[in-house]
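Work through the exercises below with the model open. Try each task before reading its solution.

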Amino acid sequence: MIESEAPASSPNHGRAHMSRERIRVRYGETDMMGHAYYANYLFWFEQARGRWCRDRGFTYLQLEKEGFKLPVVEVWVKYRGEVKYDDIIEVRVWVEEMRRTSVKFMYEVLRADNGVLVTEGYTWHVWVNEEMKPVSLPEHLRARLEGPT
C-alpha cells in the first residue's frame, strides 16, 4: 500500500520541524544486562510522536474524535549505542514524508549528557477511518501537519 503511493510535495517536512522529548530511562525499562530493553524504544517513539502533535496544537485523541486513526504499519530501528537505567535520552522526531493516505515519522535517540546518537528509526502510519479503512488526509489536517512549529 505505501509503496504505490506517490509522495506529496511539501517544503515543511524534515528536521527543520523537529520536536524533542526528554525521557529518563526507568529501571523497569531495562533488561537483565542493565541496558534499555529494545522494544521500549517503540514506546519512546510513540511518546515523542505525541509531543510532535502537541507542538502543532493537537493530540491523537483529537484526531480520533474527528474520526481518524493513525496505526503503525511499518517500523525500522537501528541500535548504535547503549542506553542504561537512569540515563536521560532525547528523542527527536519529524515527518520525513507525507503521502495521500500515509505519513513517515523519523526518529533519533541521543544521550542527553553528550549528544551521542544511540538509535535511529522510522515508523510508517496509514490514515484510517473508524472502520479501519484507509482514507485521504483532509486538507485541514494536512495543514496542521505541514504547518510551522
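**Exercise 1: The sheet**

Task: give the strand order of the sheet and the sense of its pairing.

Solution. Five strands form an open sheet in this predicted model. Read across, the order is E1-E3-E4-E5-E2. The pairing is antiparallel. Now look at the ends. Strand E1 (19–24) and strand E2 (72–79) are the edge strands, each pairing on one side only. Finish with the twist: neighbouring strands are turned by 20° against each other on average, direction ignored.

**Exercise 2: One strand pair**

Task: find how many bridges join E4 and E5, then name the residue opposite phenylalanine 105.

Solution. Locate E4 at residues 102–111 and E5 at residues 117–126. They pair in the antiparallel sense over nine bridges. Next, go to phenylalanine 105. Threonine 123 in E5 stands opposite.

**Exercise 3: Elements along the chain**

Task: list the elements in order from the N terminus.

Solution. Start with the inventory: three helices and five strands. Then follow the chain from the N terminus: β-α-α-β-β-β-β-α.

**Exercise 4: Surface and interior**

Task: which residues make the nonpolar surface patch of about 320 Å², and what share of the residues is buried?

Solution. The patch is made by Tyr37, Tyr38 and Tyr79. Place tyrosine 38 in the loop between E1 and helix H1 (40–55). Turn to the whole chain. It exposes about 8,200 Å², with 51% supplied by carbon and sulfur atoms. Of its 149 residues, 47% are buried, taking under 20% relative accessible area as the cut-off. Last, the contacts: among those with a separation of 6 or more, residues 24 or more positions apart account for 69%.

Methods
Residues numbered from 1 in each chain as written. Predicted model: local features only at pLDDT ≥ 70, side-chain atom pairs only at ≥ 80, totals over all residues. Heavy atoms only, no water. Pairing = 2+ DSSP bridges. Helix = DSSP H or I, 4+ residues; strand = E, 2+ residues; numbered from the N terminus. Axes fitted to C-alpha atoms, helices over the stretch in contact; angles between N-to-C directions. Patch = residues over 30% accessible without salt bridge, like charges linked within 9 Å, V, L, I, M, F, W, Y side chains within 5 Å. Areas by Shrake-Rupley, 256 points an atom, 1.4 Å probe, with all protein chains shown as cover. Salt bridge = Lys/Arg side-chain N within 4 Å of Asp/Glu carboxyl O. Buried < 20%, exposed > 50% of the residue type's maximum accessible area, 1.4 Å probe, protein only. Contact = heavy atoms within 4.5 Å.
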